[in-house]
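Colleague: I should like to learn how to read the features of this structure. May we go through them one at a time?

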Amino acid sequence: MIGLYPEIEPYDRGMLPVGDGNAIYWEECGNPQGKPVVFLHGGPGSGATPRHRRLFDPARYRIVVFDQRGCGRSTPHCGSPGVDLAVNTTWHLVADIERLRGARGIERWLVFGGSWGSVLALAYAETYPERVTELVLRGVATLRSKELQWLYGGGAGCLFPEAWSRFLEPVPRPRRDGDLIEVYHELLNHPDPDVHLPAAIAWSRWEGETVKFAPRADVVAAFTDPRFALAIARIENHYFRNGGWLGEDQLIRDAGKLAGIPCVLVQGRYDVVTPATTAWELAQVLPGAELIMIGDAGHAFDEPGTLRELVSATDRFAARWAGEDPAGASGTTDERERN
């Protein structure tokens, strides 16, 4: 069974000023002379973890991991009151990625993103296709209104009614049939901690309870940590309320800009957070896409079948870069289901 590579520590790290009073934390691991890859975490607002380093062969990859604006080890942190979210948008993050690439002296790199990270990866790659060697996307999303309505309009709640009832608890009863993203915007920005903190925890817990094929108590506990919950709830709500500052269908409509860039899409069949329809629809218009549907997986990157295919994809691209036998790395549309 293909799994995570062994634990590894960074050989370099730092804080990169990106303007607007923000500085993003970055780190590099693996082989300084290896194939460059940048990891884009989910959320938005979750931050990266040491486990994310382990998706890549440290002998063959120069692994760049960073925390996006407002979360993780980046500053200022949105778990603190009064942080200005007006300078935290998709296009600020796209510019941050490009600034980080230039600061690290990297010409081109593989872009790896899951969940929200897949949205950001597509936005970056469609803006700077000349800087992207390959794309590996997991739990694919494009932030269309139907995707947001599914997760925050009650659709996913039909599968997780107990968790959905907890998500609704902070919402006044007369408003529970309304625009819940908008209601939560008001709650999360309320000056009283007795209002915004329970709302943040409820918002974050909803994701923690649906992210796994089989919910796990330790994951829910991590998502309900107050500092983590405040950052991810505020940032996610801010992004989703604004549709990611993307035109409807923009990322799918502009997929032709990625012609010639090999892309692997790894998708859990039973992903409740980012349903499989988006990965399938993207694969129909993304030149050279390889869609791998995992038949017994949800949303999380570390579920066995999903993890196996993600690491297999990064291994194949590393082998191709090193001039080894890529063992079937795809250059044409390939749709498969794996169990």
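Modeller: We begin with a definition: two residues are in contact when they have heavy atoms within 4.5 Å of each other. Please keep in mind that the model is a predicted one.

Colleague: Let us apply that definition. Which residues does I201 touch, not counting residues up to four places away in sequence?

Modeller: I201 touches T224 and A229 on that count. I201 itself lies in helix α6. The C-alpha atoms of I201 and I232 are separated by 9.5 Å, although the two residues are 31 residues apart along the chain.

Colleague: How is I201 classed by its relative accessibility?

Modeller: Buried means under 20% relative accessible area, and exposed means over 50%. I201 has 24% relative accessibility and therefore counts as partly exposed.

Colleague: Helix α6 brings me to packing. How should one describe two packed helices?

Modeller: Two packed helices are described by the angle between their axes and by the distance between the axes. Here, helix α6 (residues 193-210) packs with α8 at an angle of about 80 degrees, their axes being 8 Å apart. The two helices α6 and α8 are therefore roughly perpendicular to each other. On the α6 side, the contact is made by H196, L197, A200, I201, W203, S204 and E207. On the α8 side, the participants include P226, F228, A229, L230 and I232. By class, the residues of the contact of α6 with α8 divide into 11 nonpolar, 3 polar and 3 charged.

Colleague: At what angle do helices α5 and α8 pack, and how far apart are their axes?

Modeller: Helix α5 (residues 180-188) and helix α8 (residues 226-241) pack at about 140 degrees, with 10 Å between their axes. That angle makes α5 oblique to α8. The crossing in which α5 passes α8 is left-handed. In this contact, I181, E182, Y184, H185 and L188 of α5 meet A233, R234, N237, F240 and R241 of α8. The residues concerned comprise 5 nonpolar, 2 polar and 3 charged.

Colleague: And how do the axes of α5 and α6 cross?

Modeller: The axes of α5 and α6 come within 8 Å and cross at roughly 140 degrees. That makes α5 oblique to α6. From α5, I181, Y184, L187 and L188 meet V195, H196, A199, A200, A202 and W203 of α6. This contact has 9 nonpolar residues, 1 polar residue and no charged residues.

Colleague: Let us turn to the interior. Which residues touch the most other members of the largest nonpolar core?

Modeller: A nonpolar core is a set of buried residues of certain nonpolar types, joined through side-chain atoms within 4.5 Å. The largest one here has 78 residues, and L135 and L265 touch the most other members. Helix α2 (residues 116-127) supplies the largest share of this core, 8 residues. Leaving aside neighbours within four places in sequence, L135 is in contact with V111, A121, A125, L258, I261, P262, C263, V264 and F317. There is also a second, separate core of 26 residues, which includes Y5, V37, F39 and F301.

Colleague: P262 appears among the contacts of L135. Where is P262 found, and is P262 buried or exposed?

Modeller: P262 is found in the loop between α9 and β7 (263-268). P262 counts as buried because its relative accessibility is 16%. P262 and E162 are 100 residues apart in sequence and 41 Å apart in space, C-alpha to C-alpha.

Colleague: Finally, what should one know when reading backbone angles?

Modeller: Most residues other than glycine have a negative phi, and most peptide bonds are trans. In this model, a cis peptide bond joins G43 and P44, with omega about 0 degrees. P44 lies in the loop between β3 (35-40) and β4 (61-66). The peptide bond from T75 to P76 is cis, with omega near -10 degrees, and P76 is placed in the loop between β4 and α1 (90-103).

Colleague: What is the phi of S115, and what is that of W245?

Modeller: S115 has a positive phi near 60 degrees and is found in the loop between β5 (109-114) and α2. With 8% relative accessibility, S115 counts as buried. W245 has a positive phi near 55 degrees and lies in the loop between α8 and α9 (250-253). With 27% relative accessibility, W245 counts as partly exposed.

Note on methods:
Residues numbered from 1 in each chain as written. Predicted model: local features only at pLDDT ≥ 70, side-chain atom pairs only at ≥ 80, totals over all residues. Heavy atoms only, no water. Axes fitted to C-alpha atoms, helices over the stretch in contact; angles between N-to-C directions. Helix = DSSP H or I, 4+ residues; strand = E, 2+ residues; numbered from the N terminus. Parallel < 35°, antiparallel > 145°, perpendicular 65-115°, else oblique. Left-handed = near helix turned anticlockwise from the far one by under 90°. Nonpolar A, V, L, I, M, F, W, Y, C, P; charged D, E, K, R; others polar. Buried < 20%, exposed > 50% of the residue type's maximum accessible area, 1.4 Å probe, protein only.
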